Amino acid sequence: MNKNLPFASQTKMADVIHIDYRLIPILGRFGIDYGFNNKTVFEVCKKHDINVWFFLAIINSYHNPKYFPEKQLQNFSAQLIIQYLSHTHAYYLNNKVPDIERCINEMEKQSTDANYQNIKLLSNFFNQYKVELKKHLDKEDITVFPYAISLEQALESNKMDNKLIEKIKKQPIEEYERSHENMEVKLSDLKNLIIRHLPPLLCKDTCQKLLTELFRLEADLENHSRIEDNVLIPKVKLLEQKILETSGTE
Amino acid sequence: MEQNEIKKLKIAIAAKQFLYRLGIKTLISVIGVEPELYETNNYDSTSECLKLNPDIKYLIINQDILPHAKEAYLQKLRALCPWGKLMVIGDESIEHCPCASFMLNTNNQKDVLEKFQDFFFEPEKNPLENENTSVLSDREIEVLKTVALGFSNKEIAEKLFISTNTVITHRKNITEKLGIKTIAGLTVYAIINNYIDPETVKSK
């Protein structure tokens, strides 16, 4: 077994989780159910109609932050990459954000007069973050992802209409790249406010849970933006260029 | 995941009698220190050992290895291991002893254990390191207040009569000291510490 890339197509799927339980939500995003028996990654992926090589690239790079096969990932279709990314978005909004909110609400309930104000500050801070995160993810789901897919489809079907070419010229992905904000920084601030600056919050259990959730979301977001910035955006740039070349407008 | 490399403490024990050294070794292990040990039983071998191992961190010396002019010889040993911590054990304290800790032969078990614990676990008092680096300077607090209230670098520079570059430097230092990068985070910090009134933030 390669120590840095422990997962291969013949690895038992059950071992994947035993080796790194942080991959549990990743398997969820791919829609994989449990009860693997002795099935290998290859067999489970086949059963769920998942591209096994894409799956392996994702879990290996999630497991080992130093491993990131950008070029290999860029070779997968935009459709495939985007499917994974938008499932991740849904996971943030439908699972992680509510988990964190629940912790903060719980802390508000448990708070005493002395620290109520401070927890209220945390709660406002996170609410504001939530609005920004939703806006950020929505923008990608509603404009960026469909745009990328339309480029790929246009190339595949060789139907490049003027509208699309116009869009490539006026609003290329580069424009979005410039405004692509980093959503991890604020989370890291929230963590540091709790860890370093707030007086003890007197609700230790919930506070521990909250911190753990914040660390997990931050790590997941980091991995997510790595794929967006280093795989999807370069891929879309390439598609844009190809379309302009084939349509002879460049 | 990278594992922290565990470095063993280097400790030298200098005492004439074997039983004495054994006793010290046992106590060190009782308080949970697992060192790399160097044992010597006279002045010359101790001095030799320190010369060969300049990275010895802790030096425990029984006075019985020191020739007559105890203080002078102790100073000589001390000079051989300037970065280490020194403990001297004996019947009576030596004047101007260059050591961090002194143990009397008459000390009872409790005293001995406590002294060993302090010797190994108390951080050495270093006036430079004692300064609390996380506290902001007055000027930084002024800058923080204006940042939290939502002013731009240029506005802050005008308000505080400093250059924009100075504002940027202050902001960089504030972020480094506090570990907070965003304006929203800095605002929360400023409110917690009563640097600004939450109402003024809302009205902006």
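**Exercise 1. Work out how much area domain 1 and domain 2 of chain A bury between them, and which residues of domain 1 supply most of it.**

Step 1. Domain 1 and domain 2 of chain A bury about 1100 Å² between them, and carbon and sulfur atoms give 60% of that. Buried area here is the accessible area (1.4 Å probe) that two parts lose on being put together, summed over both.

Step 2. On the domain 1 side of chain A, R29(A), F54(A) and Y62(A) supply 59% of the area buried against domain 2, more than any other three residues.

Step 3. A note before going on: this is a predicted model, where local features need pLDDT of at least 70 and side-chain atom pairs count only at pLDDT 80 or more, while totals for chains, interfaces and linings use all residues. Residues are numbered from 1 along each chain as its sequence is written, chains are lettered from A and ligands numbered from 1 in the order in which they are written, and side-chain values use heavy atoms, with hydrogens and water left out.

**Exercise 2. Set out the domains of each chain and the distance between their centres.**

Step 1. Chain A splits into domain 1 (13-67) and domain 2 (76-246); such bounds come from an automatic or database domain assignment. Their C-alpha centres are 22 Å apart.

Step 2. Across that boundary, 12 residues of domain 1 of chain A are in contact (heavy atoms within 4.5 Å) with 11 residues of domain 2 of chain A.

Step 3. Now chain B: the assignment gives domain 1 (10-129) and domain 2 (138-203). The C-alpha centres of these two chain B domains lie 50 Å apart.

**Exercise 3. Find the residues that touch the most other members of the largest nonpolar core.**

Step 1. A nonpolar core is a set of buried (under 20% relative accessible area, 1.4 Å probe, protein chains only) Ala, Val, Leu, Ile, Met, Phe, Trp, Tyr and Cys residues joined through side-chain atoms within 4.5 Å.

Step 2. The largest such core has 52 residues, and M13(A), L27(A), F30(A), I32(A), F54(A) and F55(A) touch the most other members. Each of domain 1 and domain 2 of chain A puts in at least three residues.

Step 3. Zoom in on F55(A): beyond its neighbours within four places in sequence, it contacts residues including V41(A), C45(A) and I50(A).

**Exercise 4. Describe the contact between chain A and chain B.**

Step 1. Chain A brings 14 residues to the contact and chain B brings 13 residues.

Step 2. The two chains bury about 1200 Å² between them, with 67% of it on carbon and sulfur atoms. L121(A), D189(A) and H197(A) supply 40% of chain A's buried area against chain B, more than any other three residues.

Notes
Buried < 20%, exposed > 50% of the residue type's maximum accessible area, 1.4 Å probe, protein only.
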